[in-house]
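Trainee: Please take one part of this model and go through it closely. I am interested in how the helices pack against one another, and in a few residues at or around those contacts.

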Amino acid sequence: MKRSFIPTAEQAAVIEAARGAGDLKIKAFAGAGKTSTLQLVAEQFGERRGMYLAFNREIAASAARRFPAHVDSRTMHSLAWAGVDASLRNRMSLQGEPPHELAARYGLGALEVRTVTGKAVEIAPFEIGRMIAEARDRFCRSADLRPALQHIVVDDKIDEAVAAQLRVWLLPYVGRMWEEGAATRTSGAISPDVLLKRWALSEPRIEADFILFDEAQDSDGVMLSVLGRQRHAQIIYVGDPYQQIYEWRGAVNAMEQIHAPERALTESFRFGATFAALASRLLALLGERTPIRGQDAIGSIMVEDPALAPPVDAILCRKNVTAIWQFAAGLEAGERPAIRMSPAEILAYAEGAERLLAGQRAFRPAAFSLFETWSDAQAFARSAFGQDLLPLVRIVDELGTGYLRALAQRSAQADAADYVISTVHRAKGLEWKRVKVADDFRLRGPDGNPMPEDDELRLLYVALTRAQHVLDISGLRDELLRLFSLRRQ
């Protein structure tokens, strides 16, 4: 494979470090050409057997077209699939046990708890079963040998002290569910996470002389445990520690846990100096001392005045409900937006609202799971704890669930749309020429803390680094100025 570009000084330093026999960690900022750098590294290894590990099949397939023939591009789950017994793979195709049936089989009924607003609510068996199953899967994505309290995620609408008691109560059932799935002589359905954990516990050997592990910042503990046992192979980890935005699903920041010589890619090829300076100021709030460098040849315009409202190619939101609100607003303005959500996801909000309006419990989407009536949802959305839900509540109150159902069918095809609406999580790894960032970020911490939590700053960093030429931050301008002033004090 011929190279069509000359490595930068930073890329040359990475290549030189990779020529050694030991593991290597590459910290690559947004748009810093990490995949191209890995391609250069792979070419340096001649005919040595290589393995490029990506997080989804699309990225792995794209890499396969770029890397030399001696580098196999896979996902960790595909390696697990190929490495377990066929009887285990066959269980993946079976119908999973519904959460309410799981709770019934374990003899678990409804449970009354207290919310953060002080209201007593009932957790239905469906929700209890879902919490157990999700905790089992979080355990499977960890490096732990047995389920523990930290694997159990409790709805943030539940009072913290009550949530702690709930975790203790649920833990034995999480362990029971794992043991059922791990048993070799059972025939019940298993999830992809269970299959990966079973494979990891078998201490598999990856047949490669070197392993290129991409997006390492988002890796699960179980993946790190597998790689940590590949003593025969040189492992090159690459990632951006500030794009670690999947803590909610059990991801760990591998860039902090990996002990290996480090090289950095700080020059972004995506945007100019203006955006680089903004991103650098944000990262300074997270303790990063090295600034991001942009390209002088790329023109980057920051829009801070909401009256200007330039055309954009993408609107990025923190929450699904904000994305739906932006989608509705675009349609009402006569535009042709596309939304990176499936119709089923939007319909779930309509169906959940309809159940609550009828005085019935709604178990999907999860945002509605603890409400008993639509009045509960309205009150919570207008409280200090529930403002993330407010855009969706306003659509239902002002336009009805029928309008919400109609929205599900009105997304334009991306290639025919005026612009795309996406959550930041779904925009990760993507870029657009012109981007607007919505104002639904939590830029103040809990308990009156003027500084937001680190995971919120990382999410904002991902959003601000998707644009190439135009970045509209008009909705966030005042809060960003406040944050940067706190840094100077």
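Mentor: What follows goes through the helix contacts in turn, and then a few single residues.

The model is predicted, so local features need pLDDT of at least 70 and side-chain atom pairs count only at pLDDT 80 or more, whereas totals for chains, interfaces and linings use all residues. Residues are numbered from 1 along each chain as its sequence is written, and side-chain values use heavy atoms, with hydrogens and water left out.

Start with helix α7 (residues 125–140) and α8, whose axes lie 9 Å apart at an angle of about 65°. α7 is thus roughly perpendicular to α8. The angle classes are: under 35 degrees roughly parallel, over 145 roughly antiparallel, 65 to 115 roughly perpendicular, and the rest oblique. Axes are lines fitted to C-alpha atoms, for helices over the stretch in contact, with angles from 0 to 180 degrees between N-to-C directions. Helices are DSSP runs (H or I, at least four residues), numbered from the N terminus.

The crossing of α7 and α8 is right-handed, a term for a near helix turned clockwise from the far one by less than a right angle; anticlockwise would be left-handed. From α7 the contact takes in Ile128, Met131, Ile132, Ala133, Ala135, Arg136, Phe139 and Cys140, and from α8 Leu166, Trp169, Leu170, Tyr173, Val174, Met177 and Trp178. Sorted by class, these are 14 nonpolar, no polar and one charged residues. Nonpolar here covers Ala, Val, Leu, Ile, Met, Phe, Trp, Tyr, Cys and Pro; Asp, Glu, Lys and Arg are charged, and the others, Gly among them, are polar. Contact requires heavy atoms within 4.5 Å.

Leu170 belongs to α8, which spans residues 160–182. With a relative accessible area of 1%, Leu170 is buried; buried means under 20%, exposed over 50%, and partly exposed in between (1.4 Å probe, protein chains only). Beyond its neighbours within four places in sequence, Leu170 is in contact with Ile128, Met131, Ile132 and Ile152. Cys140 in the α7 contact is buried too, because its relative accessibility is 0%. Cys317 likewise counts as buried at 0%. Zero disulfides (pairs of cysteine sulfur atoms within 2.5 Å) turn up in a search of the whole structure.

Now turn to α16 (residues 390–399), whose axis comes within 9 Å of that of α15 (residues 374–381), the two crossing at roughly 135°. That angle makes α15 and α16 oblique to each other, and their crossing is left-handed. On the α15 side are Trp374, Ala377, Gln378 and Ala381, which meet Leu390, Leu392, Val393, Val396 and Asp397 of α16. This contact has seven nonpolar, one polar and one charged residues.

α16 also packs with helix α13 (residues 320–332), at an angle of about 45° and with the axes 7 Å apart. α13 and α16 are therefore oblique to each other. Val321, Thr322, Ile324, Trp325 and Ala328 of α13 meet Pro391, Leu392, Arg394 and Ile395 of α16. By class there are seven nonpolar, one polar and one charged residues.

Last comes Arg426, in helix α18 (residues 424–427). Arg426 is partly exposed, at 29% relative accessible area. Leaving out residues up to four places away in sequence, Arg426 touches Asn320, Arg340, Met341 and Glu345. The C-alpha atoms of Arg426 and Ala344 are 16 Å apart, with their positions 82 residues apart along the chain.
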